[in-house]
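Here are my notes on the structure, set out as numbered points. Please read them with the sequence and the coordinates open beside you.

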Amino acid sequence: MLRIRHRQPPAAPTAYFDDVLQSKPTIPAPGFELVAAKERGSVIGLMDVIVDGELATIDTLAVHPDHQHQGIGRALLSEALTRVTALGVPTLDAWTRDDPNTLRWYRTSGFTESEHYLHVYANHYTDAGEPDRAIGERRPGLRPMMAFLHADLREEQSMRERFARVHVCRRFVLTV
């Protein structure tokens with residue numbers, strides 16, 4: 001008899017697990033894309049930086065779980081800082097959510113927190129009433145199934161009482 005095992009997927013390693021794109025967006029110049037690879041070409045880390053005037057923003061930063069805590073993120077950041085400095089951009093920032101390891105990495109890398117707001121998810125499959133609580137009025141013929149919303153940090157307690165998924169979105173800033 002053949003036994004088929006169904007393996008549960010691992011827990012999401014990022015609070016952005018629902019923000020998955022079908023293809024990687026192009027980073028327009030003067031922004032840049034950095035890739036860390038093993039000797040045989042396997043990608044083990046990447047960083048995308050968008051540059052807009054006097055602000056550079058880390059759009060994507062990822063290190064493969066098998067290669068974390070080996071300095072790859074710091075090496076990518078070092079190269080990014082070299083390039084941002086060469087462009088004459090005075091500020092590098094990043095937005096992230098509430099993952100303790102990510103927050104610790106930004107803090108130990110010299111970034112400081114400067115702004116906060118909430119990401120709120122209203123999902124019918126989590127709680128059938130959440131989307132209705134998120135909108136003021138239904139439109140005829142439309143049934144809301146999911147909504148992604150921003151809210152002021154002062155509303156955190158109220159949002160957490162009404163919705164299952166609420167994340168604090170934090171801006172980290174580093175003066176170059």
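1. I begin with one pair of facing residues: valine 51 stands opposite alanine 56, which belongs to strand β3. Valine 51 itself is found in strand β2, and it counts as buried because its relative accessible area is 13%, where the cut-off for buried is under 20%. Please keep in mind throughout that this is a predicted model.

2. The two strands that hold this pair, β2 and β3, run antiparallel to each other and are paired over 8 bridges. They form a hairpin with 2 residues between them, and in its turn glycine 53 has a positive phi of about 65°.

3. On its other contacts, once neighbours within four places in sequence are set aside, valine 51 touches Pro30, Gly31, Ala56, Leu87 and Val89. One of these, proline 30, lies in the segment before β1, and the peptide bond that joins alanine 29 to proline 30 is cis, with omega at about 15°. As general background, most peptide bonds are trans, and most residues other than glycine have a negative phi.

4. A further backbone point concerns histidine 69, which has a positive phi of about 65° although it is not a glycine. Histidine 69 sits in the loop between β3 and α1, and it counts as exposed because its relative accessibility is 78%.

5. Alanine 56 also leads to the next strand, since its bridge partner in β4 is leucine 92. Strands β3 and β4 are paired in the parallel sense, over 4 bridges. Between them the chain passes through α1, and this β-α-β crossover from β3 to β4 is right-handed.

6. Turning to the interior, the largest nonpolar core has 24 residues, and the members that touch the most others are Met47, Val49, Ile58 and Phe111. At least two residues of this core come from each of β1 (32–37), β2 (43–52), β3 (55–63), α1 (72–86), β4 (91–96), α2 (100–108) and β7 (165–175). The largest share, 5 residues, is supplied by α1. Apart from this core lies another, of 9 residues, which include Leu118, Ala147, Phe163 and Val168. In general terms, nonpolar side chains in soluble globular proteins tend to be buried together.

7. Which residues does phenylalanine 111 contact, leaving aside its neighbours within four places in sequence? They are Ile58, Leu77, Leu92, Asp93, Tyr106, Phe172, Val173 and Leu174. Phe111 also belongs to one aromatic cluster, together with Trp105, Tyr106 and Phe172.

8. The aromatic pairs come to 5 in count. In one of them, tryptophan 105 and tyrosine 106 have ring centres 5.0 Å apart and planes at 80°, so this pair is edge-to-face. Tryptophan 105 counts as buried because its relative accessibility is 18%, and tyrosine 106 is likewise buried, with a relative accessible area of 5%. The rings of tyrosine 106 and phenylalanine 172 have their centres 5.2 Å apart and their planes at 20°, so they are stacked. Because tyrosine 106 lies in helix α2 and phenylalanine 172 in strand β7, the pair ties together parts that are 66 residues apart in sequence. Both tyrosine 106 and phenylalanine 172 are buried.

9. Two rings have a charged group placed over them. The charged end of arginine 165 sits over the ring of tyrosine 121, at 4.0 Å from its centre, while that of arginine 133 sits over the ring of phenylalanine 163, at 5.9 Å from its centre. Phenylalanine 163 is among the members of the core of 9 residues.

10. Finally, two separations may help when you orient the model on screen. The C-alpha atoms of valine 51 and glycine 129 are separated by 40 Å, and these residues are 78 apart along the chain. Proline 100 and alanine 128, which are 28 residues apart in sequence, have their C-alpha atoms 30 Å apart in space. Proline 100 lies in helix α2, and it is exposed because its relative accessible area is 53%, the cut-off for exposed being over 50%.

Conventions:
Residues are numbered from 1 along each chain as its sequence is written. This is a predicted model: local features need pLDDT of at least 70, side-chain atom pairs count only at pLDDT 80 or more; totals for chains, interfaces and linings use all residues. Side-chain values use heavy atoms; hydrogens and water are left out. A nonpolar core is a set of buried Ala, Val, Leu, Ile, Met, Phe, Trp, Tyr and Cys residues joined through side-chain atoms within 4.5 Å. Buried means under 20% relative accessible area, exposed over 50%, partly exposed in between (1.4 Å probe, protein chains only). Contact means heavy atoms within 4.5 Å. Rings of Phe, Tyr and Trp (its six-membered ring) pair if their centres lie within 6.5 Å; planes under 30 degrees apart count as stacked, over 60 as edge-to-face and the rest as tilted. A charge sits over a ring if NZ of Lys or CZ of Arg is within 6 Å of the ring centre and within 35 degrees of the ring normal. Two strands pair if DSSP finds at least two bridges between them. A crossover is right-handed if, with the strands pointing away from the viewer, the path from the first strand over the helix to the second runs clockwise.
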